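Me: I'd like a close look at one part of this protein, the stretch of helices around the middle of my attention right now. Can you walk me through how it packs, in plain bench language?

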Amino acid sequence: MLTNFYAFCRLRTAQRKYNQGKENEAIGLLEKNVQKAPKYSFSYLYLARYYLQKNEIDKSFTYILTALELEPKNSVYIMWKGILLYEKKLYDQAKETFLQAAEYDFSNLLIQNYIALCYLQEENFQEFEKILEQKGIFESKDFQIRLLMALTIVVNKKIKIENEKKDTHEYSDRDTVK
């Protein structure tokens, strides 16, 4: 019981350090936490989040998988696994993971929006729009930027394809003998 209390105190201290811009100290505290309280899953979650911020996705992935071993039905941990798969551009696996997280917490707007993003990546606009119409958009500025970037990429891709079709059609019309 006291082990978890001390682990919680170290986690809160690590969060304060991280918010003060002392990322390495925060990570060090959390690394110490997983050694002293290896069953305290929140430490693994925050290590995963902090390593993702440092763009160390593989290390982050290792920590979220450990958290999931401890709590396999935790929708937040499942969601973070999906986020990491999304960051690795493994959109099909990410979508399946987000759908699994939604089974445990269907009302989580962030999970729903990531599902919508995955539909957008596979150009399933009907499902994408359906989720956004039913659920709305998560208020996080970071997520909204991610959504706009994904939309921009998909729209630019469609425009490029359309332009290539036009160019090909125009070229073939010029070659036709009249």
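Reply: Here is a walk through helix H5 and the parts around it.

A word on the ground rules. This is a predicted model, so to speak of local features a pLDDT of at least 70 is needed, side-chain atom pairs count only at pLDDT 80 or more, and totals for chains, interfaces and linings use all residues. Residues are numbered from 1 along each chain as its sequence is written, and side-chain values use heavy atoms, with hydrogens and water left out.

Let's start with H5 itself, which covers 75–87. Helices here are DSSP runs (H or I, at least four residues), numbered from the N terminus. H5 has 13 residues and reaches 18 Å from its first C-alpha to its last. That is close to the 18 Å expected at 1.5 Å a residue, where the expected span is 1.5 Å times one less than the number of residues. Ten of those 13 residues are buried, so H5 is largely enclosed by the rest of the structure. Buried means under 20% relative accessible area, exposed means over 50%, and partly exposed is in between (1.4 Å probe, protein chains only). The buried set is Ser75, Tyr77, Ile78, Met79, Trp80, Gly82, Ile83, Leu84, Leu85 and Tyr86.

So what does H5 pack against? One partner is H3 (residues 41–53), at an angle of about 20° and with the axes 11 Å apart. The axes are lines fitted to C-alpha atoms, for helices over the stretch in contact, and angles run from 0 to 180 degrees between N-to-C directions. H3 and H5 are therefore roughly parallel to each other, a label for angles under 35 degrees. H3 passes H5 in a left-handed crossing, meaning that the near helix is turned anticlockwise from the far one by less than a right angle. On the H3 side, Ser41, Phe42, Leu45, Arg49 and Leu52 do the meeting, and they come up against Val76, Tyr77, Trp80, Ile83, Leu84 and Glu87 of H5. Meeting here is contact, with heavy atoms within 4.5 Å.

H7 (109–121) is another partner. H5 and H7 pack at about 25°, their axes 11 Å apart, and are therefore roughly parallel to each other. This crossing is left-handed too. From H5 come Ser75, Met79, Ile83 and Tyr86, and from H7 come Leu110, Ile111, Tyr114, Leu117, Cys118 and Gln121. Ile83 turns up in the H3 list and in the H7 list. As background, an α-helix has 3.6 residues a turn, so residues three or four places apart point the same way.

Now follow the chain out of H5. The loop between H5 and H6 (91–104) holds Lys89, which has a positive phi of about 65° although it is not a glycine. Lys89 is exposed, with a relative accessible area of 58%.

Next comes H6, with 14 residues and a reach of 20 Å from first C-alpha to last, close to the 20 Å expected at 1.5 Å a residue. Its buried residues are Ala94, Lys95, Thr97, Phe98, Ala101 and Ala102. Seen down the axis of H6, they fall within an arc of 165°, so they line one face of the helix; the arc is that of the directions from the helix axis to the C-beta atoms. What covers them includes H5 and H7. On the other side of H6, Asp92 and Glu103 are exposed.

Between H6 and H7 there is a loop, and Asp105 sits in it. Asp105 is partly exposed, at 22% relative accessible area. Not counting residues up to four places away in sequence, Asp105 touches Ser75 and Ile111. Ser75 belongs to H5 and Ile111 to H7, and both appear in the list of residues where those helices meet.

Inside H7 you'll find Asn113, which is buried, with a relative accessible area of 1%. Leaving aside its neighbours within four places in sequence, Asn113 is in contact with Leu132, Gly136, Ile137, Phe138 and Phe143.

Past H7, Glu123 is in the loop that leads to H8 (125–135). Phi of Glu123 is near 60°, a positive value in a residue other than glycine. Glu123 is partly exposed, with a relative accessible area of 27%.

Technical notes
Helices (H or I, at least four residues) and strands (E, at least two) are DSSP runs, numbered from the N terminus. Angles under 35 degrees count as roughly parallel, over 145 as roughly antiparallel, 65 to 115 as roughly perpendicular and the rest as oblique.
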